[in-house]
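User: I'd like to go through this model with you and hear the reasoning behind each label. Shall we begin with a single residue?

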Amino acid sequence: MMKARVIVTLKNGVLDPQGKAIEGALGGLGFGDVDSVRQGKVFDVELAGADMSTAKEKLEQMCEKLLANTVIENYAIEID
């Protein structure tokens with residue numbers, strides 16, 4: 001069993017209204033020193049019977065096909 005984490009974030013320059021809403025809410029809660037918030041997604045994936053290179057290849061395919069919208073999002077893969 002191999003465990004991996006996929007982190008998906010918006011590319012620079014892409015508007016992030018949810019991040020702006022969080023930033024405003026934090027300011028309203030007294031955290032006025034927060035300059036910027038960008039939101040993202042995290043996926044924890046367990047792969048059965050995969051070696052490191054096969055796992056990375058499969059995870060990249062998952063990201064390209066489903067987990068990330070590569071037009072507006074970047075992704076990073078961490079494998080344990």
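User: Why is Glu23 called buried?

Analyst: Glu23 has a relative accessibility of 18%. Buried means under 20% relative accessible area, with exposed over 50% and partly exposed in between (1.4 Å probe, protein chains only), so Glu23 counts as buried. A word on the source: this is a predicted model, where local features need pLDDT of at least 70 and side-chain atom pairs count only at pLDDT 80 or more, while totals for chains, interfaces and linings use all residues. Residues are numbered from 1 along each chain as its sequence is written, and side-chain values use heavy atoms, leaving out hydrogens and water.

User: Which residues does Glu23 touch, not counting those up to four places away in sequence?

Analyst: Glu23 touches Val34, Asp35, Ser36 and Val37, where contact means heavy atoms within 4.5 Å. Glu23 itself sits in helix α1, residues 17-28.

User: What makes up the pattern along the sequence?

Analyst: The protein reads β-α-β-α-β, with two helices and three strands. Helices (H or I, at least four residues) and strands (E, at least two) are DSSP runs, numbered from the N terminus.

User: How do you know what radius of gyration a compact globule of 80 residues would have?

Analyst: The globule rule is 2.2 Å times the number of residues to the power 0.38, and the radius is taken over C-alpha atoms. That puts a compact globule of 80 residues near 12 Å, but the protein has 16 Å. Its C-alpha trace spans about 50 × 25 × 15 Å along the principal axes.

User: And what share of the residues is buried?

Analyst: Buried residues make up 22% of the 80.
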